[in-house]
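Here is a short guided tour for anyone meeting this structure for the first time. Take a look at the picture, then read on at your own pace.

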Amino acid sequence: MTRQRLVLVLLVAVVLLPMWFVAMQGEPPSEDVALDQSVSDIRPLDGFVDTPTKLSPSQVGVIVWVALLGLLGVLTAFHRFMNELARPDGDARPAADGGEVDLSWLETDDRWIVGYDPPSDSLWGFIAMGGLTALTIVFAALFTGEYLTLARTQYFGVYAFGMFMSLTGLTVSYYAWFMPHVEVAERRDH
């Protein structure tokens, strides 16, 4: 494990361990709130995953932070995967020759272009963006349909997650296939 990763893991542990200790104390006593099953057949809290029914605010805070850090890791891995998919020879960047693209506005006496990768504009990029657009529309329709009908709350998160991850995929796909990658070196005085 590199030193930077070790420092990052230690920093996350220093933040999460006190929160986890507070969360272990449990929740204050309360009683369950449930729908009268003799009146309605809707079970909004039933789901396809067994989850605890009682959480204290500190336990929710720990779960949210762990989920956010996990999401950050997933997005980073997804970005690297899409970038590698669009530019498999990412380390071998040709030097900018100034031929087709004029990047003179980017260069100064203390800043110059080291490498330039033009956008690939491949058919696979269009296919990926089309598929992710369709997936975004499907999840948005499912989310809206769930909101306008029985509102089974256990599916809102799944549909919202799918919709936002599809939108993230669209952004990353556009960046990977249709944006040029420019490497710039800069002289700095310290």
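## Salt bridges around the two strands

Glu 186 and Arg 111 meet through their side chains in a salt bridge, at 3.9 Å from N to O. This is a good place to begin in what is a predicted model. The two partners come from distant parts of the chain: Glu 186 sits in strand E2 and Arg 111 in strand E1, 75 residues apart. Glu 186 has a relative accessible area of 44%, so it is partly exposed. Arg 111 is partly exposed as well, with a value of 24%.

Glu 186 also has a salt bridge with Arg 188, where the closest N and O atoms are 3.8 Å apart. Through these shared partners, Arg 111, Glu 186 and Arg 188 are joined into one network. Arg 188 counts as exposed because its relative accessibility is 60%, and the cut-off for exposed is over 50%.

How many salt bridges does a search of the whole structure find? The count is 3. One of them pairs Asp 110 with Arg 187, with 3.2 Å between the closest N and O atoms. Asp 110 lies in the loop between H2 and strand E1 (111-117), while Arg 187 is in the segment after strand E2 (181-186), so this pair ties together parts that are 77 residues apart in sequence. Asp 110 is partly exposed at 39% relative accessible area, and Arg 187 is partly exposed at 47%. As a general background, side chains of opposite charge can pair when their charged atoms come close.

## Aromatic pairs between helices

Now let us turn to the rings. The structure has 3 aromatic pairs. In one of them, the ring centres of Phe 126 and Phe 178 are 4.9 Å apart and the planes stand at 55 degrees, so the pair is tilted. Tilted is the word used here because the angle falls between the limits of 30 and 60 degrees. This pair also links distant parts of the chain, with Phe 126 in helix H3 and Phe 178 in helix H4, 52 residues apart.

Are these two rings buried or exposed? Phe 126 is exposed, with a relative accessible area of 53%, whereas Phe 178 is buried, at 13%. Ring pairs also bring in Tyr 174, which forms a cluster with Phe 126 and Phe 178.

Phe 143 and Phe 156 make another tilted pair, with ring centres 5.3 Å apart and planes at 55 degrees. Phe 143 lies in helix H3 and Phe 156 in helix H4, so the pair ties together parts that are 13 residues apart in sequence. Phe 143 is partly exposed, with a relative accessible area of 28%. Phe 156 counts as buried because its relative accessibility is 18%, and the cut-off for buried is under 20%.

## The largest nonpolar core

Which residues make up the largest nonpolar core? There are 7 in all: Met 82, Ala 86, Ala 128, Val 172, Ala 176, Trp 177 and Phe 178. Helix H2 (57-86) and helix H4 (153-178) each supply at least two of these residues. The largest share, 4 residues, comes from H4.

Phe 178 may be familiar by now: this core member is also part of the tilted ring pair with Phe 126. Ala 86 is another core member to look for. Leaving aside neighbours within four places in sequence, Ala 86 is in contact with Ser 120, Ala 176 and Trp 177. In soluble globular proteins, nonpolar side chains tend to be buried together.

## Two threonines in helix H3

The last stop is helix H3, which spans residues 123-148 and holds Thr 133. Thr 136 has its place in helix H3 too. Thr 133 counts as partly exposed, at 33% relative accessibility, whereas Thr 136 counts as buried, at 12%.

What does Thr 136 touch, not counting residues up to four places away in sequence? The list is Met 163, Ser 166, Leu 167 and Leu 170. For Thr 133, a useful point of reference is Gly 169: the two C-alpha atoms are separated by 9.1 Å, and the residues are 36 apart along the chain.

Technical notes: Residues numbered from 1 in each chain as written. Predicted model: local features only at pLDDT ≥ 70, side-chain atom pairs only at ≥ 80, totals over all residues. Heavy atoms only, no water. Buried < 20%, exposed > 50% of the residue type's maximum accessible area, 1.4 Å probe, protein only. Contact = heavy atoms within 4.5 Å. Core = buried A, V, L, I, M, F, W, Y, C linked by side-chain atoms within 4.5 Å. Phe/Tyr/Trp six-rings, centres within 6.5 Å; stacked < 30°, edge-to-face > 60°. Salt bridge = Lys/Arg side-chain N within 4 Å of Asp/Glu carboxyl O.
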